[in-house]
Amino acid sequence: MQSEQRSILQDLLRIQPAEVQKTAYSFVYWFSAIGAFSVARTTRYSLFLEIPNYKAELPKAYILSAITVSIAMLSYSKVERILRRDRTTTISLWILITITLLFRVAFVQNNHLLYWLFYIWVEIFGAFLVVQFWSLINEVFHSRQAKRLFAIISSGGLLSNIPFGYGIRASVSTIGTENLLFIVIGCLGINLWMVRKIAEETRYELTQAHKRRPDKLAATTPNQLSSGYFPKVLKTKHLKLIAATVILMYWVSTLIDYQFSVILGDSVAGKDARSAYIATLFLVTGIFGAIIQLAVTSRLLERYGILSALLLLPSFLLLGSTSLLLVPAFLPGIWAASFTIASEKVLRYTINDSTLQLMYLPVPPHIRGRTKAFIDGVLKQIAIASAGLFLFFVFGQTDTYFNVKLPIQLSVFDLSWLVLASILVWVVALVFLQREYLMSLVQTLRKRRLYFKTSSLRINDEATVQTLLQSLRSENIRDVLHALELLPAISSKMLQGVSAHVLQLLEHPAEEIRVVALEFLSSNKFNHAKDIAKCLKDSSAQVRAAAIAAYCERKRHEAISLILPMLDDSHPKVRATAIAALIRHSGLDGILACANDFKKLVTSKNPKDRENAAWILG
């Protein structure tokens with residue numbers, strides 16, 4: 001039974017036996033963390049709308065949330081490297097539990113200032129959970145594992161909204177909104193347990209990662225801010241367009257969130273009723289989000305490309321904002337607001353985020369990490385604060401604070417006109433971004449600066465694949481070699497059409513290209529054994545050796561009869577490769593077939609023969 005389960009895990013989910021436990025712990029951790037954040041956000045919405053004149057107070061909450069999250073993350077970044085990652089995470093989780101419990105105790109006073117502080121706390125709370133989780137698992141999984149397993153682990157966050165949304169909807173009228181914080185505390189307790197189990201499984205990896213940190217820290221100290229860091233991370237048009245896209249997305253997201261919050265407060269009376277409504281919304285978005293992420297995202301990218309995938313979110317938000325302008329003549333405001341916010345939550349965290357990550361492919365690794373950190377950690381908060389500042393001047397009673405009454409008088413529904421205008425600018429930025437992305441990709445390929453060894457990014461759109469295939473046909477050997485090295489980053493569904501182009505390279509005049517092409521064919525499950533076998537007669541010893549390894553990889557024990565004559569090849573590298581391949585891939589028959597030849601190498605008086613024997617064992 002256990003062997004059958006392992007076979008299913010390996011074949012269906014591509015999880016190796018040694019990875020099962022830490023993958024399961026990571027899945028549960030992320031499931032529980034997102035569940036805790038969803039419950040905390042539900043509580044935050046419901047309680048904040050209890051504040052009198054919440055329409056004027058909410059913009060100030062956006063501004064202060066952006067500022068405090070930035071300060072909290074900056075402060076955390078200065079101390080999180082002192083201890084080993086699991087210990088830092090454990091201490092942080094205990095702090096989150098303690099502060100959340102203190103809020104629950106304080107809520108008995110029904111103080112509106114506490115609701116204010118809690119709104120800001122939930123933003124800090126969510127930022128900590130996300131940063132800590134991904135920082136931890138990036139140290140316990142290496143890059144090859146990440147490419148296979150991170151999609152499985154991250155699906156836990158998508159699925160968590162379904163049971164948590166259903167549970168809150170069914171129980172909030174009984175236990176009350178404030179008591180939802182006990183569910184949050186329980187989830188954080190599960191996270192503590194998962195951190196402990198992950199640490200037990202991966203103590204060596206965590207220790208080694210902690211030892212490597214000082215060098216990395218020295219390379220990314222705050223002094224970089226005074227040495228041209230800001231211009232460097234956004235020095236290309238491509239990166240500037242990514243930054244503009246993210247700014248516009250979070251600007252629009254904040255405006256939509258404000259509309260939904262105000263309309264919810266006006267339409268649903270009572271905090272428990274609001275909690276139940278928000279929980280229902282999370283339940284629905286969780287179901288649709290899981291379906292889209294698991295069944296739609298990759299297919300959409302493969303069939304329609306990057307631009308279509310990126311345009312999906314603004315298109316739905318355009319539809320939702322247009323429907324808000326039709327209120328109340330044609331439909332209730334809460335319906336239109338719910339559709340808009342649900343579209344934003346479902347599409348932003350699935351198709352849009354996955355596709356936007358592909359935009360970073362042409363960016364060199366040493367710049368990519370810093371750029372993403374700057375855009376997500378700084379520009380995102382600036383966009384939210386800017387939207388909050390705008391809302392404050394429009395809805396925040398500026399006459400009370402500055403004795404100035406603005407001539408603009410907008411309703412929350414009129415705000416949709418600004419949302420529509422912002423979305424149109426967003427769409428224009430996406431069109432230019434897609435064009436610049438392809439240009440940057442071609443330039444990066446020519447400069448040989450595109451790497452995937454430290455990235456879990458996957459290529460699954462037709463435009464990027466065609467760009468790589470065009471590089472395979474280049475007259476420049478370096479362009480062809482680099483494109484070959486990047487082909488394994490293409491998603492498995494799109495690789496089948498690529499193999500025909502690689503087969504043509506087996507007749508390329510450059511020896512090194514033929515070798516790399518064979519290595520690619522051996523590492524993927526293509527049925528091209530006959531084409532590989534033709535290379536066993538190649539004039540180059542390096543190509544013959546690569547062909548032996550590839551053929552044995554494909555044919556296993558069936559390769560013995562064809563590979564045995566290669567044990568008499570004139571080149572020692574070819575003979576050594578034949579022995580190694582037979583031992584590794586052809587089972588007991590392969591070992592017996594080359595045993596005598598291997599023994600001769602081990603006992604030879606020639607140091608080169610013994611060196612080859614050591615290489616075979618290695």
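Is Cys187 buried or exposed? In this predicted model, Cys187 has a relative accessibility of 5% and therefore counts as buried, the cut-off for that class being under 20%. Cys535 is buried as well, because its relative accessibility is 4%. The structure holds 0 disulfides.

The aromatic residues come next. Across the whole structure, a search finds 20 aromatic pairs. One of them joins Tyr29 and Phe133: the ring centres are 5.1 Å apart and the planes stand at 75 degrees, so this pair is edge-to-face. Tyr29 belongs to helix α2 (residues 20-48) and Phe133 to helix α5 (residues 112-140), so that the contact links distant parts of the chain, 104 residues apart. Both Tyr29 and Phe133 are buried. Phe392 and Phe393 also form an edge-to-face pair, because their planes meet at 70 degrees, with 5.6 Å between the ring centres. Phe392 counts as buried at 8% relative accessibility, whereas Phe393, at 36%, is partly exposed. Ring pairs also connect Tyr29, Trp30, Phe133 and Trp134 in a cluster.

Two arginines lie over aromatic rings. Arg41 is placed over the face of Phe37, 4.9 Å from the ring centre. Arg44 has its charged end over the ring of Tyr119, at 4.4 Å from the centre.

Further along the chain is the second largest pocket, with a volume of about 560 Å³. Its lining consists of 18 residues, of which Ser522, Ala549, Ala550, Thr577 and Arg584 are the closest to the centre. Helices α19 (511-523), α21 (541-555) and α23 (572-585) each supply at least two lining residues. By class, the lining has 9 nonpolar, 5 polar and 4 charged residues.

How values were computed:
Residues numbered from 1 in each chain as written. Predicted model: local features only at pLDDT ≥ 70, side-chain atom pairs only at ≥ 80, totals over all residues. Heavy atoms only, no water. 1 Å grid on protein atoms, 1.4 Å probe; cavity = no way out; pocket = protein on both sides within 12 Å on 5 of 7 lines; lining within 4 Å. Points joined across faces, edges and corners; volume = space filled by probe spheres on them. Helix = DSSP H or I, 4+ residues; strand = E, 2+ residues; numbered from the N terminus. Nonpolar A, V, L, I, M, F, W, Y, C, P; charged D, E, K, R; others polar. Disulfide = S-S within 2.5 Å. Buried < 20%, exposed > 50% of the residue type's maximum accessible area, 1.4 Å probe, protein only. Phe/Tyr/Trp six-rings, centres within 6.5 Å; stacked < 30°, edge-to-face > 60°. Lys NZ or Arg CZ within 6 Å of the ring centre and 35° of its normal.
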